[in-house]
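This briefing covers two topics, the packing of a pair of helices and the internal cavities, and may be read alongside the structure shown below.

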Amino acid sequence: MSRTIFITGGAGFIGSATVRFLIAHTDWMVVNIDKLTYAGHRATLRELETHPRHAFHRLDIADRERINALFARYRPDALMHLAAESHVDRSIDGPAEFINTNIVGTYRLLEAALTHWRSLDASAGERFRFHHVSTDEVFGSLGTEGAFTETTPYNPNSPYSASKAASDHLVRAWHHTYGLPALVSNCSNNYGPYQYPEKLVPVVIAKCLAREPIPVYGTGSNVRDWLYVDDHARGLYTILTQGVVGETYNVGGNAEVSNIELVRKLCALLDRLRPAPGGEPYASLIEFVTDRPGHDYRYAIDAGKIRRQLGWQPAESLESGLEKTVRWYLANQPWVDEVREGRYQGERLGLHGGAAR
């Protein structure tokens with residue numbers, strides 16, 4: 001049966017991948033809601049601008065009046081909430097926007113969704129879902145062993161992760177207190193096409209192509225689990241359509257690697273796909289810089305629950321996903337230039353105190 005779904009943050013990196021997946025693999029009407037802050041850009045969805053099943057609305061999720069109007073207009077069957085301020089370094093420089101969007105915005109969206117859900121008849125109410133998309137960073141930092149599960153206690157260590165932890169708790173509270181049919185998912189680090197150029201993978205690619213120093217925090221020993229964004233989009237669809245209301249699902253890529261190993265893999269790919277003039281290896285550009293304040297040592301996701309219960313697992317290995325990503329950036333430099341114009345020019349973020357903005 002055809003559905004109408006709201007995607008918040010649908011012009012961002014993971015949101016746009018999810019929108020593209022839904023348009024390609026379902027017959028659903030996708031209502032894309034995005035504020036178009038620095039990390040959201042219409043160029044990310046250019047091929048869908050005239051698609052009959054994609055409607056874009058530029059607005060802030062904290063604008064309750066306009067959100068209510070969209071619910072009244074479209075009467076959605078589901079909402080997938082991806083809108084968030086998401087960069088740890090930016091949260092260190094200016095945490096206020098993270099509080100406003102990730103906590104206050106989620107609260108107001110929950111209130112609007114609850115009002116809508118209560119207005120539905122019994123059949124439509126049974127179908128409705130509120131899927132909140134979160135991060136593994138809410139769990140804090142791991143040592144050299146172990147992995148985050150759905151029952152790992154929360155221990156956020158940055159303004160970003162603290163704001164996402166708060167939003168997770170709000171969604172669970174609205175489910176348990178008011179009955180809103182909600183699900184939560186927590187993912188590992190995403191990478192892939194259309195990622196905003198301040199994140200590690202596109203930064204490394206850009207620095208290599210510009211023959212500029214590649215900044216690696218500390219010794220590069222911090223470890224992350226990496227998830228190809230198209231695998232994540234498929235996982236989100238799986239959770240929305242098959243997941244049990246009230247449950248949480250971890251989505252990970254089974255691709256745990258240290259930051260310095262990841263950087264070297266990217267350099268080696270570029271050595272092969274776009275050799276530097278003179279043949280000097282790109283790894284020679286690596287430069288170790290002062291570590292990020294409060295930099296969590298290791299994240300690792302145990303995605304066994306979603307594999308066992310819903311049958312999802314990543315299709316891409318780290319090697320295949322990174323090669324697809326590098327090839328995409330090499331072929332789409334005009335997109336990078338367009339989204340960076342006047343917004344982000346590759347400067348280091350996260351070095352300043354938390355002065356309110």
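Helix 2, which spans residues 64–74, packs against helix 4, residues 96–119, at an angle of about 35°, and the axes of the two helices lie 10 Å apart. The model is a predicted one, and the points below take up this helix pair before turning to the cavities.

**Packing of helix 2 and helix 4**

- The crossing in which helix 2 passes helix 4 is right-handed.
- On the side of helix 2, the contact is made by R64, I67, N68 and F71, while helix 4 contributes R108, L109, E111, A112, A113, T115 and H116.
- By residue class, the contact of helix 2 with helix 4 is made up of five nonpolar, three polar and three charged residues.

**Cavities**

- Three cavities of 30 Å³ or more are found in the structure, and the largest cavity holds about 50 Å³ of space.
- The lining of the largest cavity is formed by P197, P202, I205, A206, L209, Y329, Q333 and V336, of which seven are nonpolar and one is polar, with no charged residue in the lining.
- At least two lining residues of the largest cavity come from each of helix 7, residues 200–210, and helix 12, residues 333–340.
- Which helix supplies the largest share of the lining of the largest cavity? That share, four residues, belongs to helix 7.

Key
Residues numbered from 1 in each chain as written. Predicted model: local features only at pLDDT ≥ 70, side-chain atom pairs only at ≥ 80, totals over all residues. Heavy atoms only, no water. 1 Å grid on protein atoms, 1.4 Å probe; cavity = no way out; pocket = protein on both sides within 12 Å on 5 of 7 lines; lining within 4 Å. Points joined across faces, edges and corners; volume = space filled by probe spheres on them. Nonpolar A, V, L, I, M, F, W, Y, C, P; charged D, E, K, R; others polar. Axes fitted to C-alpha atoms, helices over the stretch in contact; angles between N-to-C directions. Left-handed = near helix turned anticlockwise from the far one by under 90°. Contact = heavy atoms within 4.5 Å.
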